[in-house]
Amino acid sequence: MATATHAIRDGRSAMKVHDTSATSMAPEPAAGTRKPTVALALGAGGAKGLAHIGAIEEIVAQGFQITAIAGTSMGALIGGVYAMGKLDIYRDWVCTLAKLDVFKLLDWTFSGGGLIKGERIIGTMRELIGDICIEELPLAFTAVATDLDREREVWLTRGSLFDAVRASIAIPTVFRPHHLDGRRLVDGALLNPVPVTPLIRDPADYLFAVSMDGPAQIAPAVIDTSEPVDEGGVRQRVGEFFSRLLPHSEGKPREPGALDLLYQSMDLMQANLSRLRLAAYEPDLLIQLPRNMSTAYEFYRARELIERGREQAREALAGWSKSGTPLRPS
């Protein structure tokens, strides 16, 4: 596996021209049938970000060719996996996860500035689909993270894909910060939850964005009627401890745990920041999903969330007119 060093660029700096040799590796449409190209911004959202899978599949199914991706947090993970050409492998795997499987992916810790190390999740991804240097991908890719010490947004465009993803998903207090090239990096959603800006100078015909920060939908209270898992002994006591952090219920409406309150608060702040950023840097098409369609850790609802993304993308594309949106200047 190649070990090229990351190129980290401040979000305030000018975009560099994408490597045309990498872009040329993307599959070319048959002569005379050129597909319209899309630069795609994928927003943050934890498990909600699984909707990106359905959105991507619908965009491609409707005849668009994705030539560049910028992703924040879960958007960086899904976008990176798609750029590797292994989205189907990841989709099939995540759709098999049950609640206990999700819990087993968490390597809890009480040091280093976060509750979860994050090594087990990234290790699982590397075992599942491998790793690659970003500059070797067949399309332009940017993972967005936040430099805590310099208080700046950074764009990761070189080096190990999953090092970049690990930095981008580092939700403060939940995951440990990721140290990369002497910088302490955390979740890019702190400054850029839907990363349109890295794509502004991309030569694609259109710029699409998928956001998990849409208006909340009113839904009835969820009653948890699932049977408790009998793990016994120490594991049971550990589970009881973490149930104070995670949301739980016993035949009653869900009561939020500490992490649930943290995620809900961050969702609210992120939604407001996202709205301001998208007003300043408006994409040609915005695909929005409600910010409360799931919690950040409900990966066991993968099939449902993927379909929500597909349906929302289909609806947005149906209401969007290419003729009313001029091609972006190259």
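# Notebook: burial, cores and salt bridges

I began with Asp147, which counts as buried because its relative accessibility is 0%. I record here that the model is a predicted one. Asp147 is found in strand S5.

**Entry 1. Surroundings of Asp147.** I listed the contacts of Asp147, leaving aside neighbours within four places in sequence, and found Arg152, Val154, Arg183, Arg184 and Leu185. I then looked for a polar partner of the side chain. A polar atom of the Asp147 side chain lies 3.1 Å from the backbone nitrogen of Asp149. Which residue forms a salt bridge with Asp147? The partner is Arg183, and the closest N and O atoms are 3.4 Å apart. Asp147 belongs to strand S5 and Arg183 to strand S9 (residues 183–187), so this pair ties together parts that are 36 residues apart in sequence. I checked the burial of both partners: Asp147 is buried, and Arg183 is buried as well.

**Entry 2. The loop after S5.** I moved on to Leu148, which lies in the loop between strand S5 (140–147) and strand S6 (152–156). Is Leu148 buried or partly exposed? I noted it as partly exposed, because its relative accessibility is 34%. Together with Leu190 and Leu191, Leu148 forms a nonpolar patch on the surface, and the accessible area of the three together is about 200 Å².

**Entry 3. Salt bridges around Arg310.** I searched the whole structure for salt bridges and obtained 16. I selected Arg310 for a closer look. The side chain of Arg310 meets that of Glu57 in a salt bridge, at 2.9 Å from N to O. Arg310 lies in helix H10 (residues 302–318) and Glu57 in helix H2 (residues 51–61), so the pair ties together parts that are 253 residues apart in sequence. Both Arg310 and Glu57 are buried; for Arg310 the relative accessibility is 16%, and a residue counts as buried when this value is under 20%.

I also found a salt bridge between Arg310 and Glu307, with the closest N and O atoms 3.0 Å apart. Arg310 and Glu307 are separated by about one helical turn, because they are three residues apart in helix H10. Glu307 has a relative accessible area of 35% and is therefore partly exposed. Tracing shared partners, I found that salt bridges join Glu57, Arg91, Asp92, Glu307 and Arg310 into one network.

**Entry 4. Nonpolar cores.** I next examined the nonpolar cores. How many residues does the largest nonpolar core have? It has 62 residues, and those with the most contacts inside it are Leu40, Leu50, Tyr90, Leu156, Phe162 and Phe208. I took Leu40 as the example. Leaving aside neighbours within four places in sequence, Leu40 is in contact with Ile56, Ile59, Ile66, Ala68, Ile69, Ala70, Leu199, Phe208 and Val210. Apart from the largest core lies another core of 13 residues, including Leu106, Ala170, Ile171 and Met266.

**Entry 5. Helix H3.** I closed with helix H3 (residues 74–83), which is mostly covered. How many of its ten residues are buried? I recorded nine: Met74, Gly75, Ala76, Leu77, Ile78, Gly79, Gly80, Val81 and Ala83. I also looked up the backbone just after H3, where Gly85 takes a positive phi of about 80 degrees.

Technical notes: Residues are numbered from 1 along each chain as its sequence is written. This is a predicted model: local features need pLDDT of at least 70, side-chain atom pairs count only at pLDDT 80 or more; totals for chains, interfaces and linings use all residues. Side-chain values use heavy atoms; hydrogens and water are left out. Patches are made of residues with over 30% relative accessible area and no salt bridge: like charges are joined within 9 Å, nonpolar side chains (Val, Leu, Ile, Met, Phe, Trp, Tyr) within 5 Å. Accessible areas come from the Shrake-Rupley method with a 1.4 Å probe; for residues, only the protein chains shown count as cover. A salt bridge is a side-chain nitrogen of Lys or Arg within 4 Å of a carboxyl oxygen of Asp or Glu. Helices (H or I, at least four residues) and strands (E, at least two) are DSSP runs, numbered from the N terminus. Buried means under 20% relative accessible area, exposed over 50%, partly exposed in between (1.4 Å probe, protein chains only). A nonpolar core is a set of buried Ala, Val, Leu, Ile, Met, Phe, Trp, Tyr and Cys residues joined through side-chain atoms within 4.5 Å. Contact means heavy atoms within 4.5 Å. A polar contact is a pair of N or O atoms within 3.5 Å; within protein, one must be able to donate a hydrogen and the other to accept it, and residues adjacent in sequence count only if both atoms are side-chain atoms.
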